[in-house]
Amino acid sequence: MINGLSQINLELSASKYISEPMSGCWIWLGQLNYAGYAMGKHDGTYRRSHRWAYEKFRGPIPEGLLCLHTCDEPRCCNPTHLYLGTHKDNARDVAEREPEKLTYWLGKTQSEEHRRKNSEGVKKARQLKKW
């Protein structure tokens, strides 16, 4: 049991979350960022709620590490569902748990690169046409 876990219940209850009984996730009902992660005003600044919960009840997050979810729920702020890892750990987790998401990321990156190159090619063709 994490020290102060009941305390986080009190602090977060004032901050908009519900406990999901099947998964144990504490689902944030407040603001979400562009990627669907829980955001809130914690200790006077807006930050991701899962990072705040980790730091508050487990300790600081060292530079270069991410706060990852064992539950794969970006709105979850239950500190027992959080662990530290690298970008590589995060990518490995996505590949193992949600391979379709990794394919989407790679496909999106490739299509954006293709669009950029195509756009540059169209601009060059238009310039040549003017000659």
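This text leads through the nonpolar cores and then the salt bridges of a model that is predicted.

A reader new to the structure may begin with the interior, where the largest nonpolar core is made up of six residues in all, namely Trp-52, Ala-53, Tyr-54, Ile-61, Cys-67 and Leu-82. The element that gives the most to this core is helix H2, which covers residues 49-57 and supplies three residues. Apart from this core lies another one, of five residues, and Trp-26, Trp-28, Ala-38 and Cys-77 are among them.

From the cores we turn to the charged side chains. A search of the whole structure finds six salt bridges, and the paragraphs below follow some of them, starting with the pair formed by Arg-47 and Glu-55, whose closest N and O atoms are 2.4 Å apart. Neither partner counts as buried, because the limit for that is under 20% relative accessible area: Arg-47, at 22% relative accessibility, counts as partly exposed, and Glu-55, at 27%, also counts as partly exposed.

Another salt bridge joins Arg-97 to Asp-72, with 2.7 Å between the closest N and O atoms. Arg-97 belongs to helix H3 (residues 87-97), whereas Asp-72 sits in the loop between strand S5 (66-69) and strand S6 (82-85), and the pair therefore ties together parts that are 25 residues apart in sequence. As for their surroundings, Arg-97 has a relative accessibility of 35% and counts as partly exposed, and for Asp-72 the value is 35% as well, which again counts as partly exposed.

Arg-97 also takes part in a salt bridge with Asp-93, in which the closest N and O atoms are 3.7 Å apart. Here both residues, Asp-93 and Arg-97, lie in helix H3, where they are four residues apart, or about one turn of the helix. Asp-93 has a relative accessibility of 9%, and because this is under 20%, Asp-93 counts as buried. Since salt bridges that share partners can be followed from one residue to the next, Asp-72, Asp-93 and Arg-97 are joined into one network, in which Arg-97 forms a salt bridge with Asp-72 and Asp-93 forms one with Arg-97.

Technical notes: Residues numbered from 1 in each chain as written. Predicted model: local features only at pLDDT ≥ 70, side-chain atom pairs only at ≥ 80, totals over all residues. Heavy atoms only, no water. Core = buried A, V, L, I, M, F, W, Y, C linked by side-chain atoms within 4.5 Å. Buried < 20%, exposed > 50% of the residue type's maximum accessible area, 1.4 Å probe, protein only. Helix = DSSP H or I, 4+ residues; strand = E, 2+ residues; numbered from the N terminus. Salt bridge = Lys/Arg side-chain N within 4 Å of Asp/Glu carboxyl O.
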